[in-house]
Structure formats: C-alpha cells, structure tokens
Amino acid sequence: MEHQATDIPGNRPITLGQGYSTIAWVPESEGSWALPLRHERITSWESPIDKAVWQLRQVSQYLPSRPIVLIDSEYGCAPFVLKTAGIPADKLMRLRSNLCLWSAPPPYSGKGCPRKHGEKFKLNDASTWEEPTETIEIDAPKLGRLRISLWRDKHFQAAANIQMQLIRVERLKKESGQFAKPLWLAWVGEEILPLNEVWQLYLRRFAIDHWYRLAKQRLHWTLPKLSSPKQCERWSDLMPLITWELWLARAVVADNPLPWQKSMTKLTPGRVAQSMGGVLAAIGTPAVPPKPRGKSPGWPQGKPRPTKPRCPIVKKGTSKRKKAFKKSV
C-alpha cells in the first residue's frame with residue numbers, strides 16, 4: 001500500500017505498488033538534468049528514511065568533496081537528522097509548516113539537571129518567534145519580491161544535540177501587497193551559505209521531479225505490468241542507465257524538433273531522447289536480425305495452468321497504541 005499524491009475521487013490517497021527511493025546528482029545550476037546515482041526499491045522491511053540514509057552513506061564515501069543534499073519535507077524530521085549525523089554531508093531540507101522546533105537552552109543555573117531545550121518555536125504560530133538573526137529582501141527575476149529570514153541554533157525535540165539554521169522564504173503578491181504561504185528550510189551541517197544564495201539552492205531539487213516525469217512518460221518506467229518485485233527491479237535498473245546515456249550523448253546529437261517545437265541550443269533530456277535515432281542509426285546494433293521459426297505450438301492441450309503465487313499486502317505505518325482500560329471490580 002503506497003501513498004499516491006493524486007487521490008482517487010471517493011477513496012483515500014493510497015494505491016497498490018512498489019515504492020522507490022532515488023538519490024541523484026544535479027550537475028547544472030539551471031535546467032532539468034538530474035543524474036540518478038542510486039535508484040532502488042524500498043522493500044517491505046524498510047522505510048523511506050532508512051533507505052535514504054543508506055543510499056546517502058553509500059554515495060558520500062565515493063565523492064571527492066563534501067556534498068550539499070537537498071531533501072524534501074518527508075525527510076525533514078528528527079529521525080533522519082539523527083541517522084545522518086555521522087555522514088559527511090551538508091543538508092538543506094524543507095520543513096512542514098506544522099512542526100515545532102526549540103532554541104538553544106539557557107546557561108546552566110547550577111541546580112538540578114541541565115536543560116536540553118530553550119524556548120519553543122512553532123512554525124505556524126508567529127507569537128512564538130523571536131527576532132530573526134538576519135533578514136534580507138531581494139527582487140528575484142522570476143519570483144518577484146522576496147523576504148528571507150534566518151534564525152540560528154534551532155533543533156528538533158528528539159535531536160537536541162544537532163543544531164539547525166532555520167530559514168523562512170516569503171513571496172510578496174504584487175496585486176494585494178501580502179506575502180504568500182512561506183517556504184520553511186533548515187540547514188544542517190557546516191557553515192551556512194550566504195542567505196541570498198542558500199534559498200536558491202533548494203530550488204534545484206525540483207530537477208528530481210523532472211527526472212521522475214521523464215522516466216514515467218518518456219522512458220516508460222511504469223508502463224509494463226510486471227508481476228514480481230524482481231522483475232520491477234530489473235526494469236527499473238534501466239532507468240539510470242538510459243539517463244546517463246542521454247547525458248553523455250547530449251553533445252553529439254543534433255536537435256530534431258517536431259514541427260510544432262522550437263529549436264534549442266541547450267537540449268533537455270527529452271529532446272536528447274528525441275534525437276537519439278540518428279546516433280543509433282550511425283553506430284548500428286550487434287544483434288542479428290530475427291529468424292522466422294514458423295508457427296508457435298502454443299500451450300500443450302490438457303496441461304494445467306499454474307496460478308501465480310499471491311503475496312500478502314504490506315501496510316506500512318505506525319499503529320496507534322491501544323488504551324489500557326482498567327478491569328471493573
């Protein structure tokens with residue numbers, strides 16, 4: 001049972017399927033290219049957070065420098081921060097607007113147990129906010145007027161030893177003069193980038209969404225109706241390989257636009273795939289032409305057809321604790 005972003009009318013936003021976790025390298029400062037480094041199925045005994053932590057640990061040990069990881073709000077939580085504390089990577093994560101953070105504790109008074117938390121900081125309650133450490137207003141070319149605020153040394157309640165830098169990005173609506181729903185970000189790692197740069201860095205995470213759309217629509221990732229997880233994994237392993245081939249071929253293909261498309265100098269992944277026909281015709285194929293073998297005999301008459309093995313449906317989620325009622329005397 002997997003979560004589905006577009007729910008079916010009259011039903012819950014869930015569907016039957018296999019969940020996948022992808023960690024990718026975004027090679028350019030703009031555009032829709034995202035190159036998958038690990039693209040694997042989340043098995044029945046794994047959670048998305050555990051799978052993402054394992055993938056990040058595997059990738060980080062082979063990188064020449066400390067990476068900056070852009071993380072969606074599903075992973076903006078204390079368990080992910082705790083499990084990735086030992087991985088040499090800076091994390092810029094999106095936070096849900098209903099979270100509650102805590103400031104650094106006050107100095108030890110000398111009596112009792114030292115406090116772990118300071119004042120509460122509720123993201124959707126402005127009365128709990130203190131004055132931001134830094135605030136700037138800029139004019140973005142595409143987004144218009146923005147106000148960016150920074151609060152230092154915040155942490156999750158379950159991760160008191162890991163400090164975060166909290167960022168709030170507001171976009172001013174020109175017609176009303178009011179700010180739209182803000183974007184909350186958190187920086188975990190070494191020294192934070194300048195405030196006018198760090199918020200733009202998170203916008204590059206949406207290249208992953210473009211890659212998922214490419215894999216589903218252009219590379220036909222979800223088209224075949226496969227019956228076993230192993231077949232799904234084997235087919236899904238082709239998606240990163242094809243993407244890297246498109247990336248390597250972007251400089252040698254000639255743009256081949258459709259009649260209603262404009263010519264491009266900097267090709268997108270879809271336009272490179274559209275132009276790969278000329279490359280395949282030039283290099284040829286090592287496969288020999290198929291040989292006719294006559295009419296297939298088909299299924300032998302009288303032989304029973306075995307049924308496919310049925311697997312139990314796995315529902316992931318935290319079960320609510322049952323209330324313990326006192327026995328009546």
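Where is the place of Y202? Y202 sits in helix 3, which covers residues 195-202. Keep in mind as you look around that this is a predicted model. Y202 is buried, with a relative accessible area of 0%. If you set aside neighbours within four places in sequence, Y202 is in contact with L70, I71, D72, L92, R94 and L185. Take L70 from that list: Y202 and L70 are 132 residues apart in sequence, yet their C-alpha atoms are 6.1 Å apart in space.

One of those contacts, L185, takes us to strand 12. This strand spans residues 183-188, and six of its six residues are buried. Try looking at the strand from either side: L183, L185 and W187 are buried on one face, and W184, A186 and V188 are buried on the other. So what runs alongside strand 12? Strand 6 (residues 90-94) pairs with strand 12 in the antiparallel sense, over four bridges. Within that pairing, K91 has V188 as its bridge partner. Strand 11 (residues 159-171) also runs antiparallel to strand 12, and five bridges join the two. Here you can pick out L166, whose bridge partner in strand 12 is A186.

Now for the nonpolar interior. How many residues does the largest nonpolar core have? The count is 30, and the residues with the most contacts inside this core are F80, M93, L95, L101, L123, F156 and L166. Helix 1 (48-60), strand 5 (68-71), helix 2 (78-83), strand 10 (144-156), strand 11 and strand 12 each supply at least two residues of it. Helix 1 gives the largest share, five residues. For a closer look, click on M93. Not counting residues up to four places away in sequence, M93 touches I71, Y75, G76, F80 and V81, and also W184, L185, A186 and V188. Apart from the largest core lies another one, of 15 residues, and that is where Y202 turns up again, along with others including L92, A140 and L146.

Next, move along to a pair of helices. Two packed helices are described by the angle between their axes and the distance between the axes. The axes of helix 5 (residues 229-236) and helix 6 (residues 238-249) come within 5 Å and cross at roughly 5 degrees. Angles under 35 degrees count as roughly parallel, and helix 5 and helix 6 are therefore roughly parallel to each other. Helix 5 makes the contact with R234, W235 and S236, while helix 6 brings L238, M239 and P240. Sorted by class, this contact has four nonpolar residues, one polar and one charged.

Finally, have a look at the backbone. Most residues other than glycine have a negative phi. Two residues here go the other way. D153, found in strand 10, has a positive phi near 55 degrees. H220 lies in the loop between helix 4 (206-218) and helix 5, and its phi is also positive, at about 60 degrees, although H220 is not a glycine. Are these two buried, exposed or partly exposed? D153 is partly exposed, with a relative accessible area of 38%, and H220 counts as partly exposed too, at 39% relative accessibility.

Note on methods:
Residues are numbered from 1 along each chain as its sequence is written. This is a predicted model: local features need pLDDT of at least 70, side-chain atom pairs count only at pLDDT 80 or more; totals for chains, interfaces and linings use all residues. Side-chain values use heavy atoms; hydrogens and water are left out. Buried means under 20% relative accessible area, exposed over 50%, partly exposed in between (1.4 Å probe, protein chains only). Two strands pair if DSSP finds at least two bridges between them. Axes are lines fitted to C-alpha atoms, for helices over the stretch in contact, and angles run from 0 to 180 degrees between N-to-C directions. Angles under 35 degrees count as roughly parallel, over 145 as roughly antiparallel, 65 to 115 as roughly perpendicular and the rest as oblique. Contact means heavy atoms within 4.5 Å. Ala, Val, Leu, Ile, Met, Phe, Trp, Tyr, Cys and Pro count as nonpolar, Asp, Glu, Lys and Arg as charged, and the others, Gly among them, as polar. A nonpolar core is a set of buried Ala, Val, Leu, Ile, Met, Phe, Trp, Tyr and Cys residues joined through side-chain atoms within 4.5 Å.
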